[in-house]
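Visitor: Could you take me on a close look at the place where the ligand sits, and then show me the sheets of this protein? I am new to this, so please go step by step.

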Amino acid sequence: TEAAKPSVIVEDLAPHVALVRIDRPEARNALNAETRAALVEAFQRLGADPDVRVVVLTGTGKAFVAGADIKDMASRTPPDMMARRTHLQWQVIAQFPKPLIAAVNGFALGGGCELAMHADIIIAAESARFGQPEIKIGIMPGAGGTQRLIRAVGKFKAMKLMLTGAVIDAHEADRIGLVTEVVPDAELMERAKALAVEIAGLPPVALAEIKDVALTGEDLPLAAALALERKAFQLLFSTEDQKEGMGAFLDKRSPDFKGR
Ligand code: HXC
């Protein structure tokens, strides 16, 4: 039965690289309570696992994620919506401390587009589609879309998407800066994996500091953000990986980063 089948699958994609696959294709991977909870559980576990350095997030079938589950929301009241406290779940993904690559295989609509925007890098298959169609069902983006989309693509592209609910293809998403790159459908996982493996070979503490400073700093006054960068930069000189990276360069050999 559907209740017994987990809708989020976590597997090893490569050494130090985990794959999180949203696996509810019969509902276009729409996020219901079970799927949201499973995603959160997966990210909490992978965030705490020292062996995992990079995560790739994708969906099964025609969709990455077709949004929040509309069946599940249709008859909700404001107190119901409040009681779900989904912002705490999104926070776990937003604050995931390791590089997160979204491999967008199909529809990334509404909460699905918002989920993709929680990633650090978005690789889109050519058949991927992006949009914030909430307006067409009488609501609005509710998982950070109004803020993350405008920061990603600027006011005038973001407003058109949100105010019309238009769905755009992968190439248009690339043009406006909503994705990192577009690849042929058949090469999506191969490309996401290659990029993940490349990043997994780099020093994890420095990766984590780049992510933290870039994302936290975005919402701070410039002077505070630059101070945060300066402190994080200085802190990295306490890591073995800094010694290893610079030592390897000077010795003309490949570095072997240990994550400490
Ligand atoms: C619940 C959904 C769903 C959704 C698809 N399904 N999207 N169920 N919630 N968001 C279900 C359909 O009801 C259908 O179930 C099955 O998946 C297949 O969908 P089809 O429409 O037949 O598939 P297709 O023709 O391939 O079209 C795919 C699609 C379309 C373009 C993605 O399904 C679609 O437009 N979905 C809704 C997209 C949307 O409005 N998203 C925003 C949601 S609001 P049955 O039982 O009939 O087979 C939102 C708010 C975010 O995300 C707030 C914070 C999270």
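Guide: Let's begin at the ligand, where an oxygen atom lies 3.4 Å from a polar backbone atom of glutamate 26. Please keep in mind that this is a predicted model. Two further backbone contacts are worth finding on your screen. At glycine 111, a polar backbone atom is 2.8 Å from an oxygen atom of the ligand. At alanine 66, a backbone N or O atom is 2.9 Å from a nitrogen atom of the ligand. How much of the ligand does the protein bury? On its own the ligand exposes 1000 Å², and the protein buries 66% of that.

Now look at the residues around the ligand. There are 23 of them, and Lys62, Ala66, Ala68, Ile70 and Gly111 come nearest. By character, this shell divides into 12 nonpolar, 4 polar and 7 charged residues. Which element gives the most to the shell? That is H2, with 3 residues. The elements that give two or more residues are helix H2 (70-73), strand S6 (107-109) and helix H5 (111-117).

S6 is a good stepping stone, since this strand also belongs to a sheet. That sheet is open and has 4 strands in the order S4-S6-S8-S9, with mixed pairing. Strand S4 (63-65) and strand S9 (167-169) are at its edges, and each has a single partner strand, so one side of each is left without a neighbour in the sheet. On average, neighbouring strands here are turned by 20° against each other, direction ignored. For a pair to trace by eye, try strand S8 (residues 129-131) and S9, which run antiparallel and are joined by 3 bridges. Within this pair, arginine 129 has aspartate 169 in S9 as its bridge partner.

What holds such strands together? As a general rule, strands of a sheet pair through backbone hydrogen bonds, either parallel or antiparallel.

Let's move on to the other sheet. This open sheet has 6 strands in the order S1-S2-S3-S5-S7-S10, again with mixed pairing. Its edges are strand S1 (8-14) and strand S10 (181-183); each has a single partner strand, so one side of each is left without a neighbour in the sheet. From one strand to the next, the twist averages 25°.

Both senses of pairing can be found here. Strand S5 (residues 100-104) and strand S7 (residues 121-125) pair in the parallel sense over 4 bridges, and alanine 102 has isoleucine 122 in S7 as its bridge partner. Helix H9 (residues 188-200) packs on this sheet, touching S1, strand S2 (17-22), strand S3 (54-59), S5, S7 and S10. The direction of H9 makes about 175° with that of S5.

S1 and S2, in turn, pair in the antiparallel sense over 6 bridges. Along this pair, isoleucine 9 stands opposite arginine 21 in S2. The two strands form a hairpin with 2 residues between them, and histidine 16 in the turn has a positive phi of about 70°.

Conventions. Residues are numbered from 1 along each chain as its sequence is written. This is a predicted model: local features need pLDDT of at least 70, side-chain atom pairs count only at pLDDT 80 or more; totals for chains, interfaces and linings use all residues. Side-chain values use heavy atoms; hydrogens and water are left out. A residue is near a molecule or strand if one of its heavy atoms lies within 4 Å of it. A polar contact is a pair of N or O atoms within 3.5 Å; within protein, one must be able to donate a hydrogen and the other to accept it, and residues adjacent in sequence count only if both atoms are side-chain atoms. Accessible areas come from the Shrake-Rupley method with a 1.4 Å probe; for residues, only the protein chains shown count as cover. Ala, Val, Leu, Ile, Met, Phe, Trp, Tyr, Cys and Pro count as nonpolar, Asp, Glu, Lys and Arg as charged, and the others, Gly among them, as polar. Two strands pair if DSSP finds at least two bridges between them. Axes are lines fitted to C-alpha atoms, for helices over the stretch in contact, and angles run from 0 to 180 degrees between N-to-C directions. Contact means heavy atoms within 4.5 Å.
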